[in-house]
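This report examines selected features of a protein model. Please consult the sequence and the three-dimensional view as each feature is described.

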Amino acid sequence: MTDEDLRFNVLNHEIVPLHEILPEDEVAPLLETYDIVKEQLPKIKSSDPAVKVVGAKPGQVVRITRASPTAGRFTAYRLVVEAI
Amino acid sequence: MNPTLTNQPKKIGYMEFGLLSPKEVRGLSATKIITADTYDDDGFPIEMGLMDPRLGVIEPGLRCKTCGQKVGDCPGHFGHIDLAMPVIHVGCARTVRDILRSSCRGCGKVLFSERIREEYDRILASYLNEGKDASVLAKKVAKDASNVTVCPHCGREHGAIDVDKPTTFRENGHKMTPSEVREWLEKVPDEDLPLLGLNPAVCRPEWMVLTVLPVPPVTMRPSITLESGERSEDDLTHKLVDVIRINQRLQENRDAGAPQLIVEDLWELLQYHITTYFDNQTAGIPPARHRSGRPLKTISQRLKGKEGRFRSNLSGKRVNFSARTVISPDPNLSINEVGCPIQCARELTVPVRVTPANFAHCQELILRGNDPEAPAGKLYIPGVNYVRRADGRRVKVTDKNCEEVAKRLDVGSTVERQLNDGDVVLFNRQPTLHRMSMMAHTVRVMPGKTFRFNLPCCPPYNADFDGDEMNMHILQGEEARSEAEILMKVQENIRSPRFGGPIIGAIHDHISGNFLLTWNFFNADAKGAKLPIEDATQVLARVGFRGQAPPVFSEKDERGEVRKYVWGKDLFSTLLPDDLNLQFRAAACPPGMSEEEARKPENDYWVVIEDGQLVAGGIDEKSIASFKGVILDAISRKHGNARAREFLDKVTKIGNGFLTLRGFSTSIDDEDIPDSAREEIDEKAAETRRRVDALVASYADGTLQALPGRTMEETLEMEIMRETGQARDGAGEVVASQVGMTNSAVLMARCGARGSMLNLSQMAGMVGQQAVRGERIKRGYKNRTLPHFRWGDLGANAKGFVASSYKVGLTPTEYFFHSMGGREGLVDTAVRTSRSGYMQRRLINALEDLKVAADGSVRNTAGTLIQFQYGEDGIDPTRSAGGEGIDYDFVFTEVERRSKKGKKGGA
Ligand SMILES: [Mg+2]
Ligand SMILES: [Zn+2]
Ligand SMILES: [Zn+2]
């Protein structure tokens, strides 16, 4: 990633929720919880600015923790996919 | 049908789209079509005509000459027309344009140099590898290649390709014939096609220029014989007749060596007919019309749009076991019920499986026949229309054969019983915008020809009785019935998923009635209305009351006789659950009144319910209506939907009952105000006009102070709008000071039954400033709104200030301005409904397959997770307290109350 790309880190913006790469060993338990395969997770493009910042590669899962108007705080997971 | 095969769910492996080659078209064809005639003089189809018997059968009894099957089994067979000259397929015109623009006319290759070509090949390979849509790349290729001016392969100059919509191509301004286009397309090598988004195995570009036209089977375009014996042909047949005629003339002229000009004209005509045959709404050419002037419905029109095959026949279908008729109100039904006309009930059936347990009952049903006479004291009993035997045969039950059918009935058959009281049906009004537009009701068969339901169901369906019609669907299976009962019953929809409160509640007269019954009406010694015991008994009889009678007291009446009375509040309390405790400000309470003041018995604007007894306060909108109904909300949350339904059924009946006894009416003299008040309002209007004139004058001489960020004009308009707004508010206050709760219109407005104080002040006081697009009326004639005013008049009257009231009547200019404002409202609603309808359609198509799984996650039918927890908090909003999972206020007050009482606590 070039300096140009990182000059503005979107994660520092207050309305962008926290994105982090889900550790490899936590992926299997997550999939087991929901009884799904990886491809059944919601997707996020590798070209997504937040994904670029955390450096997630296609095939990895990102955990997104965000403020929720109903639940207070909510955690979602997304599978990083190749950008078309 | 083989059930083991057809019932298996199948997964589509892949789909491939391609074009038919001329060879394939001829291969599919059962016959070549050469004559435009359809039937001979004896009415037999002509061989090699458009109705050739080899194209399939449409007449019952006949057999197909191609496959030998009868109507229904023969799928129909294609024929073909050999075109004298090639013609471009409209549907492919765009692709043809792109190919012409990006390939060389000399060598046919895509206009990329080897180097660029390799680059694109690499990208294409990666696209195909990842299963991505290659047509995205094809667009880019077409764009990049069309910028090349010289072919890098053969050095031929590449001209600019223009299109005369829809199907005429020009190279550097010179018209190309379809033949020339076809020759060009033939040159494009197979290995270049994938770059252009085509698969050479199933789609050669020259096939986009038709040399042979498939003729659809007659089953797809059946001719209809009218009553007069006249035959009427399908639109597609008409169009094909045109195609064949012109094709023949073109061939004759060409073969006879006619002048080039004539041949070209006919060629273009053939192109027109074939284009409209595919799509009769092609931009740039006039649609082909029927003799009557009606545009023909050709292939595209059969498929496209709301009335097309997809939306009208595949996504949605006509159904059996349904009924539609006008609706009307019936306040005596429960909100869960629907009144169904006897005629409908005789036609609609519920399947009843015959088992050893119900065998005798089923026999008895059949013996009644299909139109049984009701016994004394009853208006209707259900009969049986059909018996479906185990082998699948259906026997129609009539008076004549019912004994025979009953005798031969066996276990395993299904009896199609006519609709009966208590059957569960779905009831629906279009537009079906939310889930409350389709609810389950239980049937009550009754005389008359309309569907009937109780008035609290009007708002969820958005129904009124000015001629609205609604649909009823009879559920045909046990599973469907119980599902509907558990999920769709009206009582299950009292609480809205939108805001977690009641969306079905008492309306109009129910509210006026309950308010008049329970409110003290400025009498500090009263406990609501005072009902003679006879009246109270009647009202209680209406709700079918049983239990401890409300307290009775004796008092001398005006003639000095001692009579027994019941207080309205005590009467109302019979409907409340014993453990209900609530306190809240009534809707009728004037804004700004302090709690202390509102609690005073002569005001009676503070509702106090203690242990199911209405101690103080008038019951109004805030208590029992939808959205606001606090009592309704509390009962449905604490005691469940069944109890809420019961409460609603009774509260509406008690309201209607009391109002019937007391009498209640509003009339035009409810809008009468004293002359002095009228003069006061007129003076206010005159004052407003003077102030507006002063503002206009200060604007004219430039002394008007512009507001920050506003021009002088804007400031003037804002100031004037403020003035006229104040005038209307002032008139409203004058009206309000003149009318009180003895005025029916005021009473209805205050308790929230119908209308508002604004409505009233417009009727009795002043209509106020009319606006279009939020501004004073400004358009019309040159420099003025109407010829009644001077040029450039900026005064109040000239710009839509209506000082009259509806009661007094508007002046002609006021009337005109009022109509302008009214028209804007109508246009807005019309525009809004069409736009929101389309938005709703797209939203529903996107969300229709989502459901909440057992673990609370939201998934689609493919099993993909959409949301990890429904609504992120997993709360069902219909069971929430205004969207919150727990109503802490409720819990605290309940705990406090129970501990005070010394009972066992805990919530
Ligand atoms: Mg209507
Ligand atoms: Zn056939
Ligand atoms: Zn070339």
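What is the geometry of the site of the zinc ion (ligand 2), with its 4 donor atoms? The model discussed here is predicted, and in it the angles among these donor atoms run from 105 to 112°, so the site is tetrahedral under the criterion that all angles lie between 85 and 135 degrees. For comparison, the ideal angle for four tetrahedral donors is 109.5 degrees.

**The zinc site**

Coordination of the zinc ion (ligand 2) is provided by B:Cys64 (SG), B:Cys67 (SG), B:Cys74 (SG) and B:His77 (NE2), at 2.0 to 2.3 Å. Along the sequence, the donor residues follow the spacing C-x2-C-x6-C-x2-H. Both B:Cys64 and B:Cys74 are located in the loop between helix H2 (22-28) and strand S1 (79-88) of chain B, so this pair ties together parts that are 10 residues apart in sequence. B:Cys64 and B:Cys74 are also both buried.

**Helix H12 of chain B**

Helix H12 spans residues 359-367 of chain B, and its buried residues are B:Cys362, B:Leu365 and B:Ile366. When H12(B) is viewed down its axis, these buried residues fall within an arc of 95°, so they line one face of the helix. Their packing partners in chain B are strand S10 (349-353), strand S11 (384-388), helix H13 (402-407) and strand S13 (414-418). After H12(B) comes B:Gly369, which has a positive phi, near 80°.

**Two loop residues**

B:Thr450 belongs to the loop between strand S15 (438-446) and strand S16 (451-453) of chain B. Not counting residues up to four places away in sequence, B:Thr450 touches several residues, among them B:Val326, B:Gly339 and B:Pro341.

B:Asp421 occupies the loop between S13 and strand S14 (424-428) of chain B. The relative accessible area of B:Asp421 is 44%, so this residue is partly exposed. Leaving aside neighbours within four places in sequence, B:Asp421 is in contact with B:Val443, B:Arg444 and B:Val445. B:Asp421 and B:Glu183 are 238 residues apart in sequence, and their C-alpha atoms are 74 Å apart in space.

The table lists a polar pair for each of these two loop residues.

| Loop residue and group | Partner and group | Distance |
|---|---|---|
| B:Thr450, side chain | B:Ser328, side chain | 2.6 Å |
| B:Asp421, polar atom of the side chain | B:Val445, backbone nitrogen | 2.8 Å |

Methods. Residues are numbered from 1 along each chain as its sequence is written. Chains are lettered from A and ligands numbered from 1 in the order in which they are written. This is a predicted model: local features need pLDDT of at least 70, side-chain atom pairs count only at pLDDT 80 or more; totals for chains, interfaces and linings use all residues. Side-chain values use heavy atoms; hydrogens and water are left out. Buried means under 20% relative accessible area, exposed over 50%, partly exposed in between (1.4 Å probe, protein chains only). Helices (H or I, at least four residues) and strands (E, at least two) are DSSP runs, numbered from the N terminus. The arc is that of the directions from the helix axis to the C-beta atoms. Contact means heavy atoms within 4.5 Å. Donors are N, O and S atoms within 2.8 Å of the metal (3.2 Å for Na, K and Ca); water is not among the atoms, so sites may look incomplete. Four donors count as tetrahedral if all angles lie between 85 and 135 degrees; four count as square planar and six as octahedral if opposite donors are over 155 degrees apart and all others between 65 and 115; anything else is irregular. A polar contact is a pair of N or O atoms within 3.5 Å; within protein, one must be able to donate a hydrogen and the other to accept it, and residues adjacent in sequence count only if both atoms are side-chain atoms.
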